[in-house]
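Biologist: Please pick a single part of this model, the largest pocket, and take a close look at it with me. Keep the sentences short.

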Amino acid sequence: DLLDSLLQELLLKMAGNFGGGTSYREAVLEEKRRVIRNALKAEYIQRKFSPRAMDEGGIVFDAAMQRWHSMMATQTERFVPSVRNFMTFSMFTFVPWFGFWYTIYGPSNEEWEKKRRSGQIPYDHPYIKRGWLVRC
């Protein structure tokens, strides 16, 4: 009996490590989060819809939401220029523009244009044929 229970416990631990399902620790944490969420929901409903709250217009003040909205409203006032900010802006603005330009008008395009103008590439080249209907 003792050996069976130890073996079963070992198999449960291995199952928690190797395959799907939720471990015991995660299940307990999930249950705690569920209890807290339900308590907060009940408190919100009580504050929002109680007859005493109707005198105040039924508005529930949430300090965390107020902090977040205040932070978002004053974001430009708190901006501090730095090298990191500039590099981030550059990576999302100038680098894509330069990459697109380099792809379209870079050295390979110059070589292609030089071959077309010198007559090395015929008029019925497959790459040029694709553009015939576009340019109509």
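Modeller: We start with the whole chain, then go into the pocket and the charged residues there. This is a predicted model: local features need pLDDT of at least 70, side-chain atom pairs count only at pLDDT 80 or more, and totals for chains, interfaces and linings use all residues. Residues are numbered from 1 along each chain as its sequence is written, and side-chain values use heavy atoms, without hydrogens or water.

The chain has eight helices and zero strands. (Both are DSSP runs numbered from the N terminus: H or I over at least four residues for helices, E over at least two for strands.) From the N terminus, the order reads α-α-α-α-α-α-α-α. Of the 136 residues in the chain, 7% are buried. (Buried means under 20% relative accessible area, exposed over 50%, partly exposed in between, with a 1.4 Å probe and protein chains only.)

Now the pocket. The largest one has a volume of about 290 Å³. (A pocket is an open set of points on a 1 Å grid over the protein atoms alone, where a 1.4 Å probe fits, with protein on both sides within 12 Å along at least five of seven lines; lining residues have an atom within 4 Å of a point. The volume is the space filled by probe spheres set on the points, which are joined across faces, edges and corners.)

Twelve residues line this pocket. Asn109, Trp112, Glu113, Arg116 and Tyr127 lie nearest its centre. Helix 6 (94-105), helix 7 (107-118) and helix 8 (126-132) are the elements that each give two or more residues to the lining. Helix 7 gives the most, with five residues. By type, the lining has five nonpolar, four polar and three charged residues. (Ala, Val, Leu, Ile, Met, Phe, Trp, Tyr, Cys and Pro count as nonpolar, Asp, Glu, Lys and Arg as charged, the others, Gly among them, as polar.)

Look again at two residues of the central group, Glu113 and Arg116. Their side chains meet in a salt bridge, at 4.0 Å from N to O. (That is a side-chain nitrogen of Lys or Arg within 4 Å of a carboxyl oxygen of Asp or Glu.) Glu113 and Arg116 sit three residues apart in helix 7, so about one helical turn separates them. Glu113 is partly exposed, at 23% relative accessible area. Arg116 is partly exposed too, at 37%. Salt bridges with shared partners join Glu113, Arg116 and Arg117 into one network. The whole structure holds six salt bridges.
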